[in-house]
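Visitor: I would like to learn how to read a few features of a structure, one after another. Could we start from a single residue and work outwards?

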Amino acid sequence: MKNRVVITGLGAITPIGIGKEEFFAGLKAGQNGIEKITQFDAAEYDCQIAGEVKNFNPDDFIDKKESKRMDRYTQFAVAASKMALADSKLDLSTVDRNRVGVFIGAGIGGMRTLHSQYEKLFSKGPSRISPFFIPMMIANMASGQVAIALNIHGPSECIVTACASGTNCIGDAFYAIRQGEATIMFAGGTESSISPAGVAGFIAMKALCVDHNDDPHHASRPFDKNRSGFVMGEGSGIVLLEDLEHALNRGAKIYAEVIGYGRNNDAYHITTPAPNGEYQAKCMQLAIDSAGIAPEEVDYINAHGTSTHFNDDGETKAIKTVFGEHAYKLAVSSTKSMTGHMLGAAGGVEAIATIMAIDEGIIPPTINYETPDEGLDLDYVPNNSRAGKVNTALSNSFGFGGHNACIVLRKFNG
């Protein structure tokens with residue numbers, strides 16, 4: 001018998017709100033979190049906009065001395081994990097901490113630290129580099145710092161699969177509990193790469209939207225004919241996964257059950273997805289097969305939906321491949337239209353959006369959807385959230401390098 005796995009805690013730090021309530025309220029309202037970049041002077045950049053997290057004070061969550069030794073992406077992860085723990089009402093002193101683990105991924109890691117330390121190196125010489133440079137920069141430190149902050153000793157990993165990182169972490173945490181390796185897992189993603197080098201790099205590869213600097217609220221427009229590239233975002237999404245029996249025994253609120261997980265690779269190109277979403281379709285099918293359900297049972301898909309030509313076209317074709325006629329009956333939306341693309345954090349944050357849709361019966365919209373594109377003819381929940389029962393949902397994440405990940409979430413019915 002494999003253990004059943006449920007979600008009992010949520011922690012979100014996003015461009016449209018901090019905490020699950022503020023975040024989901026923003027989604028329901030179709031709030032746009034994309035503005036002019038304030039973290040550095042982007043006046044000379046072709047892209048001058050991003051989804052920045054506002055009003056985040058690490059001192060609200062972390063000792064000031066410790067937070068100074070963390071890159072912003074790690075601060076996000078520690079704060080979101082503490083939010084998820086508080087939301088779950090779990091008392092860690094009552095559990096075996098050797099059976100509590102943490103899988104938190106990042107697509108890039110401490111790029112802000114890397115940038116600042118290179119500036120010191122080139123302007124002041126090697127003797128001025130911080131002794132905390134390496135541990136602040138490396139991508140695994142979010143998982144490491146969360147484990148230290150919570151004093152948990154179970155399975156601990158950082159999965160780096162670009163924009164699929166957060167979803168891979170949740171899926172692998174699901175497996176760890178299902179297979180009996182752990183009882184409780186903190187899992188998701190975190191990212192803060194809105195830095196000069198990060199933005200310049202994505203501009204150089206022609207990935208970012210560069211034609212809405214004076215109209216940032218309409219820049220991210222997944223599935224719209226006039227989409228022209230993604231918008232960078234930042235933040236963190238952490239969920240607390242728990243063995244069902246343990247959750248029931250302590251009377252926990254159960255937001256949703258994780259029932260399936262798929263992962264694979266396009267093996268096609270370092271940035272461009274395989275034609276027609278072939279392996280994205282296979283990934284969704286793997287997740288559905290893992291869940292032991294029929295495609296017709298799925299009510300909603302939180303799409304990867306990046307607002308790029310190749311992704312939105314390929315993902316739509318992939319959904320049609322997997323679901324056939326049912327593709328036109330289910331709801332598909334991209335919350336990146338509101339948050340921007342949060343890279344390694346996207347999967348964690350979008351899992352929370354999907355879980356809240358299940359829990360509250362409200363499907364978040366794809367905002368800025370104005371002009372249909374040929375062949376992109378699914379129900380993208382345009383512009384306004386929608387009340388509707390969501391019993392079973394998928395959350396998709398597809399990353400550079402061909403990494404694909406998909407989780408299946410279901411309303412808990414005992």
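**From one residue to helices and rings**

Guide: Setting aside residues up to four places away in sequence, Thr354 touches Tyr300, Asn302, Ala393, Leu394, Ser395 and Leu409. Please keep in mind throughout that this is a predicted model.

Visitor: Where is Thr354 placed, and is Thr354 buried or exposed?

Guide: Burial is read from relative accessible area, and a residue counts as buried when that value is under 20%. Thr354 is in helix α13, and because its relative accessible area is 0%, Thr354 is buried. One of its contacts can also be read along the backbone, since Thr354 and Ala393 are 39 residues apart in sequence while their C-alpha atoms are 7.0 Å apart in space.

Visitor: Which helix has an axis that comes within 5 Å of the axis of α13, and at what angle do the two cross?

Guide: For a pair of helices one reads the approach of the axes and the angle between them, where 65 to 115 degrees counts as roughly perpendicular. Here the axis of helix α7, residues 165–178, comes within 5 Å of the axis of α13, residues 346–360, and the two cross at roughly 65 degrees; α7 and α13 are therefore roughly perpendicular to each other. On the α7 side the contact is made by Gly166, Thr167 and Ile170, and on the α13 side by Gly347, Gly348 and Ala351. By residue class, the contact of α7 with α13 has two nonpolar residues, four polar ones and no charged ones.

Visitor: What does Ser165 touch, beyond residues up to four places away in sequence?

Guide: Ser165, which is in helix α7, touches Gly105, Ala106, Gly107, Ile159, Val160 and Gly344. With a relative accessible area of 0%, Ser165 is buried.

Visitor: How many aromatic pairs does the structure hold?

Guide: A pair is read from the distance between ring centres and the angle between ring planes, and an angle over 60 degrees counts as edge-to-face. The structure holds ten aromatic pairs. Among them is that of Phe202 and Phe230, whose ring centres are 5.3 Å apart and whose planes stand at 75 degrees, so the pair is edge-to-face. Phe202 lies in helix α8, residues 196–204, and Phe230 in the loop between α8 and β8, so this pair ties together parts that are 28 residues apart in sequence. Phe202 counts as buried at 11% relative accessibility, and Phe230 counts as buried at 4%.

Visitor: How is the aromatic pair of Phe202 and Phe400 arranged, centre to centre and between the planes?

Guide: That pair is tilted, with 6.4 Å centre to centre and 50 degrees between the planes. Phe400 lies in the loop between β14 and β15, while Phe202 lies in helix α8, so the pair ties together parts that are 198 residues apart in sequence. At 29% relative accessibility, Phe400 counts as partly exposed. Elsewhere, Phe56, Phe61 and Phe76 form one aromatic cluster.

Visitor: Which ring does the charged end of Lys253 sit over?

Guide: Here one reads the position of the charge relative to the ring centre and the ring normal. The charged end of Lys253 sits over the ring of Tyr255, 4.8 Å from its centre, and Lys282 lies over the face of Tyr279, at 5.8 Å from the ring centre.

Definitions and conventions
Residues numbered from 1 in each chain as written. Predicted model: local features only at pLDDT ≥ 70, side-chain atom pairs only at ≥ 80, totals over all residues. Heavy atoms only, no water. Axes fitted to C-alpha atoms, helices over the stretch in contact; angles between N-to-C directions. Helix = DSSP H or I, 4+ residues; strand = E, 2+ residues; numbered from the N terminus. Parallel < 35°, antiparallel > 145°, perpendicular 65-115°, else oblique. Contact = heavy atoms within 4.5 Å. Nonpolar A, V, L, I, M, F, W, Y, C, P; charged D, E, K, R; others polar. Phe/Tyr/Trp six-rings, centres within 6.5 Å; stacked < 30°, edge-to-face > 60°. Buried < 20%, exposed > 50% of the residue type's maximum accessible area, 1.4 Å probe, protein only. Lys NZ or Arg CZ within 6 Å of the ring centre and 35° of its normal.
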